[in-house]
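Open the structure in your viewer and keep the selection panel at hand. We will go from stop to stop, picking a few residues each time.

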Amino acid sequence: MSEKKVVTRFAPSPTGFPHLGTAMYALLNYIYARQNDGEVIMRSEDTDPVRSKKEYEEAIKEGLAWIGIKSDTFYRQSERTDIYKRYIAKMVEEKTAYISRETNEEGVTRDVVRFKNPNKVITFHDMARGDISVDTTDLKDFVIARDLESPLYHLTAVVDDYEMGVTHIIRGEDGLANTPRQILIQEAIGAERPIYAHYPFVLMSNRQKMGKRNGAISLQDYIKQGYLPEAIVNFIILLVWHPKNDRELFTLTDLIAEFELERIGKSGAILDEKKLDWLNREYLKKLPPEEIEKNILEWLPKEPLNMKDPRLVPMIFERISKWSDVTTMAIAGEFDFFFKAPKIEKTKLIYKDTIPEKIKENINLAIETLQKIDENNFILENIKNNLMFIADNLPSRGEGRGSFLHPIRYALSGRDKSPDPFTIAGILGKNETISRLQKAVEME
RNA sequence: GGCUCUAUCGUCUAACGGUCAGGACGGAUCCUUCUCAAGGAUCAAAUCAGAGUUCGAUUCUCUGUAGAGUCACCA
């Protein structure tokens, strides 16, 4: 055995937008090629003229480029018909295939080409699953071309893998059932058998294989939702592979160094959006501050309220896991009170069973305290120190901090749930803060 | 239905035939400025079933069960 250059390939059919399964396919082939100084080929399997669309081919390339994958070489099967024709002719001549005049369901009669099945038991080795034996007799003489000029999937795949020098076929487990007939064709055309590795499917929550008409989320959708490509790559790889040391975070570069094809899993994995979100946040946290600010500002709406205010950034950042969360929360009205005074309900000002007079007194105390802070020093830290000093001394008067902090926070936000009062006050500024507190006191 | 593959916490998974079956997400509880978020700590949570091999099976074998894939003039 000579040391041949490793050649892998991912061969999607351009019949839909790329999803996580497509990404997995490309990712594993890409990583393995890079790990072995090899070449990775992208082959567009567009021999079905009805379903194949150029725009999908573009979408696949775009989606994969987004997660950082580009092939070294690109082929399109529709441009290789001469090659397939040559093999069909050769096979017919060598009698490993034969022409059969048949009428299909649409009533069209033509000369289909059938493979002459030698009816033998094929045993092949899979890197992840060991040896697999199948009796190919029940495959019958399957069709390999619609006619002399129109090759079908199994033929094109085998011919291309052979012609392109593919050494490793890394593909989803649906390929497992196809392998025996492809090996039969390989043997008929004298092609060397490549090394196989079948990885498990990415499953939908209903345990079905992820597919286009199955509600699969496209890579383009993930882009639109503001996920980071690093998170997608990390998420996908964890679906089929785990390192021995329980590490969770891997970039594409890390994977080229650490991924082990021999250790890929065998059972299908249902995806867990919660974990994806967690991963995405992990990568979000690694971003430089300017990048974070830029993105949050971008995802903040400017209609009907222009919320593109940098002061909101820190507060927003700690409660998102993907960029679109920014927009979602903004649209839900969670930040409205930063831009316009909220409607206050008097009863909600009251903390637990504190008596209303006490609440009023506490708000006034807050106003008094904040009044003393110079407008230029009206920042989070100062506000917090001053207000907390009071809140901490309340217990001596038989009150908890809540009876002081709650009314302030509610008066400023008008919400049951919101960021803390100091943060809000810091963003609103001295005048607006005091004005809102005043309004709350005067409600009677 | 035939053939093939698969089966550990809810989810993703780790464990030369010997571990209190480990980690992560999620969940719960507590702490941390009233709430929320973030952060920290703690806890709960699994070997599909039944045989067999073995001193000892998550691990090996068989059977069953369940799920998936594939049986196209789709890829």
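The tour below moves through a sheet, the cores, a hairpin, a helix and the RNA surface. Please keep in mind that this is a predicted model.

**Stop 1: the parallel sheet.** Select residues 7-10 and 73-76, which are strand 1 and strand 3, the edge strands of an open sheet. This sheet has 3 strands in the order 1-2-3, paired in parallel. On average, its neighbouring strands are turned by 25° against each other, direction ignored. Now add strand 2 (residues 39-44), which is joined to strand 3 by 4 bridges. To find your place in that pairing, show Met 42, which has Phe 74 of strand 3 opposite. Helix 1 packs on this sheet, where it touches strand 1 and strand 2, and its direction makes about 165° with that of strand 1.

**Stop 2: the nonpolar cores.** Which residues touch the most other members of the largest nonpolar core? Select Ala 23, Met 24, Leu 27, Ile 232, Ile 236 and Ile 237, out of 71 residues in that core. Helix 1 (residues 20-35) gives the core its largest share, 11 residues. Centre the view on Ala 23: beyond its neighbours within four places in sequence, its contacts are Pro 18, Leu 64, Ile 67, Leu 219, Ile 232 and Ile 236. Then jump to a second, separate core of 33 residues, with Leu 312, Val 326, Phe 404 and Leu 437 among them.

**Stop 3: a hairpin.** Select residues 121-126, strand 6, which runs antiparallel to strand 7 and is joined to it by 6 bridges. The hairpin between strand 6 and strand 7 passes through 3 residues. Label Val 121 and you will find Asp 135 of strand 7 opposite. Is strand 7 buried or in the open? Strand 7 (residues 130-135) lies largely in the open, because the number buried among its 6 residues is 0.

**Stop 4: helix 16.** For a contrasting view, select residues 421-428, where 7 of the 8 residues are buried. Among the buried ones are Pro 421, Phe 422 and Ile 424. Show helix 14 (380-393), helix 15 (402-413) and helix 17 (430-441) as well, since the buried residues of helix 16 pack against them. Just after helix 16 comes Gly 429, with a positive phi near 90°.

**Stop 5: the RNA.** Finish on RNA strand B, which has 59 residues around it; Ser 13, Glu 45, Ser 267, Arg 319 and Gly 402 come nearest. Colour the surface near RNA strand B by residue class, and its residues divide into 27 charged, 19 nonpolar and 13 polar.

Definitions and conventions: Residues numbered from 1 in each chain as written. Chains lettered and ligands numbered in written order. Predicted model: local features only at pLDDT ≥ 70, side-chain atom pairs only at ≥ 80, totals over all residues. Buried ≥ 20, exposed ≤ 12 C-beta atoms within 10 Å, placed from the backbone. Helix = DSSP H or I, 4+ residues; strand = E, 2+ residues; numbered from the N terminus. Contact = placed C-beta atoms within 7 Å. Pairing = 2+ DSSP bridges. Near = placed C-beta within 6 Å. Nonpolar A, V, L, I, M, F, W, Y, C, P; charged D, E, K, R; others polar. Core = buried A, V, L, I, M, F, W, Y, C linked by C-beta atoms within 7 Å. Axes fitted to C-alpha atoms, helices over the stretch in contact; angles between N-to-C directions.
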